[in-house]
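Q: Hi! Could we go through this structure together? I'd like to get a feel for how its parts fit.

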Amino acid sequence: VRGRAWTAVNAVDVQGHAAGDLRVTGARVSIAGSIGGDAEVTGREVRSGPCAFIAGDRVIRGTSEPVIAEDARILGDVVTVPDGADAVAAEAGPGLAGRLLLALAVFLAAAVLWRLFPALVERAGRELRAAPGRPLLGGVLALAGIPVVILVLFGTVVGWLLALVLVAAFAPAAPAAGLLALAAVAGLVAGRAGPGAGWGRRLALLALVAAGAVLLQGLPGVGGLLTVVLWVTGLGLLVRVLRRPPAAPG
């Protein structure tokens, strides 16, 4: 093989030559050929024969210790990764830079929502200030009731079209609910800061709220609960705001 060689089967016996990197996944992997680059091997049983030659590094992922013959030549490093280490790394989540980028994306999305629908965000903030626990309860009831309503409508002759509309509306409502909750919290803080809180101060408060929510999300146990509470509260705010028409100016 003149370039890279990638394969995934049950049993692999490498006896030829690969000029580039080798990536192999199988239950049993045996290398007795020459690899011009790095060799990344994943398998339950991994062996390197006496004729094996690897010009680069060898990365081994498996459930048992690899068997490497004494005459095998590996010019780079031999790295052994225990099975499941990748899953542990994935569960650890993104690093600080990744969370900051996520916070920036959440802030920009919430800022756009606030800018396009200021009355919606202001009403959500008033609902949250009047009774903080009521939107959370309403979100729980909506989360439990909306799927039931959709199923019932799908079972009727004339209600399936409305059920399709509800399904289509729920898809954008899910991310919008969390953004609405963040913007409502920032608006609530801005309202307590006084009537002189302009758009610049509101954006600064929104940035702090978004960054705090994303960073707290990385805490074990607490982060997942915070995300669920924030999203369910936003869903309750969205339902309450859309259900009640805006009050007439008095």
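Q: Let's start with T42. Which residue in strand 10 is its bridge partner?
A: The bridge partner of T42 in strand 10 is R61. Keep in mind as we go that this is a predicted model.

Q: OK. How many bridges join strand 7 and strand 10, and in what sense do they pair?
A: Strand 7, residues 39-42, pairs with strand 10 in the parallel sense, over four bridges.

Q: Which residues of strand 10 are on the covered face, and which on the uncovered one?
A: Strand 10 covers residues 58-62. R58, I60 and G62 make up the covered face, while V59 and R61 are on the uncovered one. So R61, the partner of T42, belongs to the uncovered face.

Q: Why do the faces go every other residue like that?
A: Because side chains in a regular strand alternate between the two faces of the sheet.

Q: Where else can I see side chains alternate? Maybe strand 5?
A: Yes, strand 5 is a good place to look. V29 and I31 point to one face and are buried, whereas R28 and S30 point to the other and are not.

Q: What are the partners of strand 5?
A: Strand 2 pairs with strand 5 in the parallel sense over four bridges. Strand 5 also pairs with strand 8, residues 45-48, again in the parallel sense and over four bridges. For residue pairs, A11 has R28 as its bridge partner in strand 5, and S30 stands opposite R47 in strand 8.

Q: What is the order of the strands in that sheet?
A: The order is 2-5-8-11, in an open sheet of four strands with parallel pairing. Strand 2 and strand 11 (67-68) are the edge strands, and each pairs on one side only. Strand 11 pairs with strand 8 in the parallel sense over two bridges, and there the bridge partner of S48 is I68.

Q: And the sheet with strand 3, what order does that have?
A: That one is an open sheet of four strands too, in the order 3-6-9-12 and with parallel pairing. Strand 3 and strand 12 (73-74) are at its edges with a single partner strand each, so one side of each has no neighbour in the sheet. Strand 3 pairs with strand 6, residues 34-35, in the parallel sense over two bridges. The bridge partner of A18 in strand 6 is I35.

Q: Switching to charges: how many salt bridges are there?
A: The structure holds three. One of them joins R28 and D13, with the closest N and O atoms 3.3 Å apart. R28 lies in strand 5 (residues 28-31) and D13 in strand 2 (residues 11-14), so this pair ties together parts that are 15 residues apart in sequence.

Q: Are those two residues buried or partly exposed?
A: R28 is partly exposed, with a relative accessible area of 34%. D13 also counts as partly exposed, at 46%.

Q: What does R23 form a salt bridge with?
A: R23 forms one with E40, and the closest N and O atoms are 3.5 Å apart. R23 is in strand 4 and E40 in strand 7, so the pair ties together parts that are 17 residues apart in sequence. R23 is partly exposed at 36% relative accessible area, and E40 is partly exposed at 25%.

Q: How about E127, where does its partner sit?
A: The side chain of E127 meets that of R240 in a salt bridge, at 3.0 Å from N to O. E127 lies in helix 3 (residues 118-130) and R240 in helix 7 (residues 222-243), so the pair ties together parts that are 113 residues apart in sequence. E127 is buried, with a relative accessible area of 17%, and R240 is buried at 9%.

Q: Nice. Which residues gather in the patch of negative charge?
A: D21, D38, D57 and D77 gather in that patch on the surface. D21 is in the loop between strand 3 (17-18) and strand 4 (22-25), and is partly exposed, with a relative accessible area of 32%.

Q: Last one: which residues form the nonpolar patch?
A: F154, W160, L161, L164 and V167 form it on the surface, with about 470 Å² of accessible area together. Helix 5, residues 160-192, gives the most to this patch, with four residues. L161 is found in helix 5.

Key: Residues numbered from 1 in each chain as written. Predicted model: local features only at pLDDT ≥ 70, side-chain atom pairs only at ≥ 80, totals over all residues. Heavy atoms only, no water. Patch = residues over 30% accessible without salt bridge, like charges linked within 9 Å, V, L, I, M, F, W, Y side chains within 5 Å. Areas by Shrake-Rupley, 256 points an atom, 1.4 Å probe, with all protein chains shown as cover. Salt bridge = Lys/Arg side-chain N within 4 Å of Asp/Glu carboxyl O. Lys, Arg positive; Asp, Glu negative; His and termini not counted. Charge placed at Lys NZ, Arg CZ, Asp CG, Glu CD. Buried < 20%, exposed > 50% of the residue type's maximum accessible area, 1.4 Å probe, protein only. Pairing = 2+ DSSP bridges.
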